[in-house]
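This report describes the surroundings of a bound ligand and the relation between two domains. The sequence and the model are shown first.

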Amino acid sequence: MSQASLHILRTTYGYDSFRGQQAEIIDHVIAGKNAFVLMPTGGGKSLCYQIPALCREGVAVIVSPLIALMQDQVEALKQLGIRAAAINSSMSPASVGETKEAIRRGTIDLVYVAPERLLMEDFLGLLGEAKIALFAIDEAHCVSQWGHDFRPHYTQLSVLAERFPSVPRIALTATADAPTRKDILEKLHLKDGRSFIAGFDRPNIHYAIQAKESPKQQILRFIQTHPGESGIVYCLSRQNVDDMAAWLNQQGLKALPYHAGMDNADRSRHQQRFLKEDGVIMVATIAFGMGIDKPDVRFVAHMNIPKNIEAFYQETGRAGRDGLPAEALMLYGMNDVAIQRGFIENGDAPETQKRIERQKLSALLGLCETAGCRRRILLEYFGDKGGDCGNCDTCQVPAETFDGTVAAQKAISCVFRTGQRFGVAYLIDVLLGTATERIAQFGHDKVSTFGIGGEFSKGDWQSIFRQLVARNFLKVDTAGHGGLSITEQGAAFLKHKETLLLRRPAPPRAKTRLARPRRMEGEPTGEDHGLFAALKALRLEIAKAQNVPPYVIFHDRTLREMAALKPGTLEALSAVSGVGAAKLSRYGEAFLGTITRFEEVTAPG
Ligand code: ADP
């Protein structure tokens, strides 16, 4: 490993050692070679181009589609004492001019640009005259139509290979399946380079999925296990967002709504508060999240099932970018399945696309109903193999299974006997022999399945029906009303009567032990909570004075370590992870002061 890069890691960033493949990637790029990097969110991709940018002569050009993020990235680098700037449409002509001059003179280390800007002839001309250290293409999946975020301008980035053949290029992404990867290598001419593939796992995120019982209360209980922490609550509709945000406020929490129906000014104000204040809960539709790289989002809750596993992984992936433990909780009920099914069927996608979407929804239901490890299913979905994780609800509180053959036969027969058009609530009433007016009206109190399901409760039957849908024995109607009908697979099951193991419905949540995330390796331990709060307050004050998000001053991990080690000198403070030379000289005294004062006040005697 190059000594220069380790020195920069320690003095500039204040970190001890490289993670995973970072050192290898960095050496590779410093040597002037091309690279493709697939690393999960929070894996530490930025260092892979930032450190080579500092080691190689000239300015590094970072291509990023997320203009909204550039300013924060630049700010974070400046805090480390690195000379960085962004050029994009939101900057004044004067500051663009200044940055261009700095590029020309070589007095800047990193420049972030949007692809549209980079591809302008005059900008390429400017780069032609300057010394370029490297090109980094962030969010490289944008180059591919297979990816979920195609940007046509990205495809033209092939010009970099043609015009600057001797400048190394590093393309980075956290999301790329096999066809997307192939596209990236081709379109960016990276086939001669090396690929560094780190997989998709986010080990610090704890996953849990619960059947919907009393959704607001379930989410509230979950949030209450994260006092004072930032998180996101995803809802399906704007109306749900407004409702839930108002309700959480009534419960004394700092919750803000965010959806596409709000005017721009309010949306942006709420987003800024989420980034800049501590402990804000964003209640949002999926309109929120793209381009948010706040590192200390501690939880993501879904009030409803998302569209598919990709969406789930992306949305929950916004938690825990700093590598500290974070939690994802999703609630789901049959009604959600009906709604998602309705979205698919009533959309205008061609039939082939709809078929894919139906399969994806089934895969998500499989995840919801599994008795096995959730992470395993998620990772297998993306092509990664692994064992049970020990950090999800099903690993920690293993689900019991039971022989559900007879139960499934009763449920499916009931669907058949009532004409394959009723929803779960009605079917359960029939199975339990509840004499409702509606049942009498349709004469379903006379069918053979009326009252044959007394061995299970209503909640048990709900779980059984969900599992039968998840296994594709039953399907939810296309109109989105929730009527169930029997699939070919369901009919075959009735005919052949194979044994079917089902997951035993969990008792109501209030009574069960909530599975909790486990601690992460290298996570600071034994911090003084009072001191941590005091350090956070100091950080907020400093951040406010500079109008920057608190995490660009210090990450939570750094403050937690300070609150555990309680360093008494600047030298001791510099040993804390995340305290580099620039931050030590700017903020060292202030943080030491808080630590010392706290020690005096709380010292015994
Ligand atoms: P990504 O871009 O892959 O999502 P980042 O580059 O933002 O991830 O890194 C995630 C977090 O991990 C950041 O807070 C970063 O400072 C930190 N980090 C990266 N590399 C290291 C390392 N070697 N040691 C300690 N922290 C690191």
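Helix H3, spanning residues 45–55, gives the largest share of the shell around the ligand, namely 3 residues. The model is a predicted one, and the values below are computed from it.

**Ligand site**

The ligand is surrounded by 15 residues, of which Tyr15, Gly42, Lys45, Ser46 and His555 come nearest. By residue class, the shell comprises 8 polar, 4 nonpolar and 3 charged residues. Polar contacts to the ligand include those listed here.

| Residue | Protein atom | Ligand atom | Distance |
|---|---|---|---|
| Ser46 | polar side-chain atom | oxygen | 2.5 Å |
| Ser17 | polar backbone atom | nitrogen | 2.9 Å |
| Gly43 | backbone N or O atom | oxygen | 3.4 Å |

The ligand on its own has 560 Å² of accessible area, and the protein covers 82% of this. Ser46 thus appears both among the residues that come nearest to the ligand and in a contact of 2.5 Å made by a polar side-chain atom.

**Domain arrangement**

Four domains are assigned to the protein chain: domain 1 covers residues 3–197, domain 2 residues 205–396, domain 3 residues 401–503 and domain 4 residues 529–602. The C-alpha centres of domain 1 and domain 4 are separated by 30 Å. Contact between these two domains involves 12 residues of domain 1 and 16 residues of domain 4.

The size of an interface is often expressed as the accessible area that is lost when the parts come together. For domain 1 and domain 4, the buried area is about 950 Å², and carbon and sulfur atoms give 49% of it. On the domain 1 side, Gly14, Asp72 and Gln79 supply 50% of the area buried against domain 4, more than any other three residues.

Notes: Residues numbered from 1 in each chain as written. Predicted model: local features only at pLDDT ≥ 70, side-chain atom pairs only at ≥ 80, totals over all residues. Heavy atoms only, no water. Near = heavy atom within 4 Å. Polar contact = N/O pair within 3.5 Å; in protein donor to acceptor, adjacent residues only side chain to side chain. Areas by Shrake-Rupley, 256 points an atom, 1.4 Å probe, with all protein chains shown as cover. Helix = DSSP H or I, 4+ residues; strand = E, 2+ residues; numbered from the N terminus. Nonpolar A, V, L, I, M, F, W, Y, C, P; charged D, E, K, R; others polar. Domains from an automatic or database assignment. Contact = heavy atoms within 4.5 Å. Buried area = accessible area lost by both parts, 1.4 Å probe.
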